[in-house]
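Notebook open, coffee at hand. I want to go through this chain piece by piece and jot down what I look up.

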Amino acid sequence: MNDLNILDKPKIHSEIEKKSKEIGFTMPSDLYIGTLLKTLITSKPKSNLLELGTGIGLSLSWMIDGMDTESILTSVDNDPKLIEIAGTYFGQDKRVKLICADGTEWIKNYEGEKFDLVFADAWPGKYSETDEILDLINVGGIYIIDDMLTQPNWPDGHQENVNQLIQYLENREDFCLTKMNWSTGIIIATKKY
């Protein structure tokens, strides 16, 4: 399978990729995680969705493409420049809330409705505040993380963080877990109760 097989890229995706190269953004999302996010979100009509780690908006473009008209997506990032860029692409979409905030603080202070799907692509919600974010997921809701396979840009010692996170998730009895040796290494967990 290669990138040429991905025929349903969001219309805006190539423009965002171009912008990524232009500003030297070095953490773009894998295309395959995008297709998976779109597919999972399509299965969740009228849903409340969360992305932790907006980046420049590549994954966000896939998530929005999978949403129906009654869903809401909140995307949080701590980089004002990236949030501003994402806002130029998605700021007019009334279903999307872009929030520039420290993810740790945002998670700890969030008091809204629980989420039907959380894509945690930042340290908060993945390696920290994990309990808090998992508690914010509805029964039947999905928690998805990527970059679970060794990546070339990982700092020394990061594999231990990944191993601890996987072990923690495997021990949670309230989630059904699938680990996928695909894309950048995906974990999908669905809340049972």
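Where is the place of Lys44? I looked it up: Lys44 sits in the loop between helix H2 (31-42) and strand S1 (48-52). A note to self before going on: this is a predicted model.

**Entry 1: Lys44**

I wanted to know about the charge partners of Lys44. The residue is buried yet has no salt bridge. Its nearest side chain of opposite charge is Asp116, 5.9 Å away. A salt bridge needs a side-chain nitrogen within 4 Å of a carboxyl oxygen, so I left that pair off my salt-bridge list.

Next I asked what Lys44 touches. Leaving out residues up to four places away in sequence, I noted Ser71, Asp116, Gly140, Gly141 and Ile142. Asp116 thus turns up twice on my page, as a contact of Lys44 and as the nearest opposite charge.

**Entry 2: Ile85**

I moved on to helix H4 (residues 80-90), where Ile85 is found. Is Ile85 buried or exposed? I wrote down buried, because its relative accessibility is 9% and the cut-off for buried is under 20%.

For neighbours of Ile85, again not counting residues up to four places away in sequence, I have Lys19, Ile23 and Ile56. I also checked Ile85 against Ser59, 26 residues apart along the chain: their C-alpha atoms are separated by 14 Å.

**Entry 3: helix H3**

Ser59 led me to helix H3 (residues 58-66), which is mostly covered. How many of its nine residues are buried? I noted eight. They are Leu58, Ser59, Leu60, Ser61, Trp62, Met63, Ile64 and Gly66.

**Entry 4: the whole chain**

Then I stepped back. I noted seven helices and seven strands, and along the sequence they follow the pattern α-α-β-α-β-α-β-α-β-α-β-α-β-β. The radius of gyration is 16 Å, close to the 16 Å that the globule rule gives for 193 residues, so the chain is as compact as a globular protein of that length. Along its principal axes, the C-alpha trace spans about 40 × 40 × 35 Å.

Of the 193 residues, 51% are buried. For contacts with a separation of 6 or more, I wrote that 66% are between residues 24 or more positions apart.

Last came the surface and the charges. The chain exposes about 10,000 Å², and carbon and sulfur atoms supply 50% of that area. I have 19 positive and 31 negative charges on the page, and their mean positions are 5 Å apart.

Note on methods. Residues numbered from 1 in each chain as written. Predicted model: local features only at pLDDT ≥ 70, side-chain atom pairs only at ≥ 80, totals over all residues. Heavy atoms only, no water. Helix = DSSP H or I, 4+ residues; strand = E, 2+ residues; numbered from the N terminus. Rg over C-alpha atoms; globule rule 2.2 N^0.38 Å. Buried < 20%, exposed > 50% of the residue type's maximum accessible area, 1.4 Å probe, protein only. Contact = heavy atoms within 4.5 Å. Areas by Shrake-Rupley, 256 points an atom, 1.4 Å probe, with all protein chains shown as cover. Lys, Arg positive; Asp, Glu negative; His and termini not counted. Charge placed at Lys NZ, Arg CZ, Asp CG, Glu CD.
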